[in-house]
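Q: Please take a close look at a single residue of this structure, and then follow its surroundings outward through the rest of the chain. I am new to this structure and would welcome one connected account.

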Amino acid sequence: LQLTNAITVTNDMSVYNVAFLGSSNTLAGEITNNNTTFDVATGNTNTITGRLSGNGGVTKTGGGGLIIAGANNNTYLGATVISNGALILSNSSGNAI
């Protein structure tokens, strides 16, 4: 999945790789991750407000920032790896990771 500037996706989805090529994108539906890599281009910040679930882990790559926000407990079972950039935890309630 590749997102450019200011796109909001509200559908539930199962993903392996997400490339945020621009800024101000939001994934708002539930995301079933399968050892998902979220790549955020340098200089950009993007947001996940939907629940992260599934048996896989989450890897953050790219020099940009990824905000995990929202009101849902994230329930994925795998590891969280930050290879580059920033992972910002900002849940209004529940577990961010």
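**Thr-61 and its surroundings**

A: Leaving out residues up to four places away in sequence, Thr-61 touches Thr-37, Phe-38, Asp-39, Val-40, Ser-83 and Asn-84. The model in which these contacts are found is a predicted one. Thr-61 itself has its place in strand E8, a strand that covers residues 58–61.

Among the residues touched by Thr-61 is Asp-39, and two further descriptions link this pair. As a bridge partner, Asp-39 is matched with Thr-61 in E8. In addition, the side chains of Thr-61 and Asp-39 make a polar contact at 3.2 Å. Phe-38, another residue in contact with Thr-61, stands opposite Lys-60 in E8.

These pairings belong to a wider arrangement of strands. E5 and E8 run parallel and are joined by 4 bridges. E8 is in turn joined to strand E10, residues 80–82, by 3 bridges, and these two strands run parallel as well. One of the matched pairs there is Val-58 with its bridge partner Thr-80 in E10.

From E5 the account can be carried to other strands. E5 and strand E7, residues 52–53, run parallel with 2 bridges between them; here Thr-32 has Ser-53 in E7 as its bridge partner. E3 and E5 pair in the parallel sense over 7 bridges, and Met-13 stands opposite Ile-31 in E5.

Ile-31 leads from the strands to the nonpolar interior. Apart from its neighbours within four places in sequence, Ile-31 is in contact with Met-13, Val-15, Ile-48, Arg-51, Leu-52 and Ser-53. Which residues have the most contacts inside the largest nonpolar core? That core has 17 residues, and those with the most contacts inside it are Phe-20, Leu-27, Ile-31, Phe-38, Ile-48, Leu-52 and Leu-66. At least two residues of this core are supplied by each of strand E3 (13–20), strand E5 (31–40) and strand E9 (65–70). The largest share, 4 residues, comes from E3.

A general point helps in reading the strands: in a regular strand the side chains alternate between the two faces of the sheet.

The path thus returns to its start. Phe-38, one of the core residues with the most contacts, is among the residues that Thr-61 touches, and Asp-39 is the residue whose side chain makes a polar contact with that of Thr-61.

Methods. Residues are numbered from 1 along each chain as its sequence is written. This is a predicted model: local features need pLDDT of at least 70, side-chain atom pairs count only at pLDDT 80 or more; totals for chains, interfaces and linings use all residues. Side-chain values use heavy atoms; hydrogens and water are left out. A nonpolar core is a set of buried Ala, Val, Leu, Ile, Met, Phe, Trp, Tyr and Cys residues joined through side-chain atoms within 4.5 Å. Buried means under 20% relative accessible area, exposed over 50%, partly exposed in between (1.4 Å probe, protein chains only). Contact means heavy atoms within 4.5 Å. Two strands pair if DSSP finds at least two bridges between them. A polar contact is a pair of N or O atoms within 3.5 Å; within protein, one must be able to donate a hydrogen and the other to accept it, and residues adjacent in sequence count only if both atoms are side-chain atoms.
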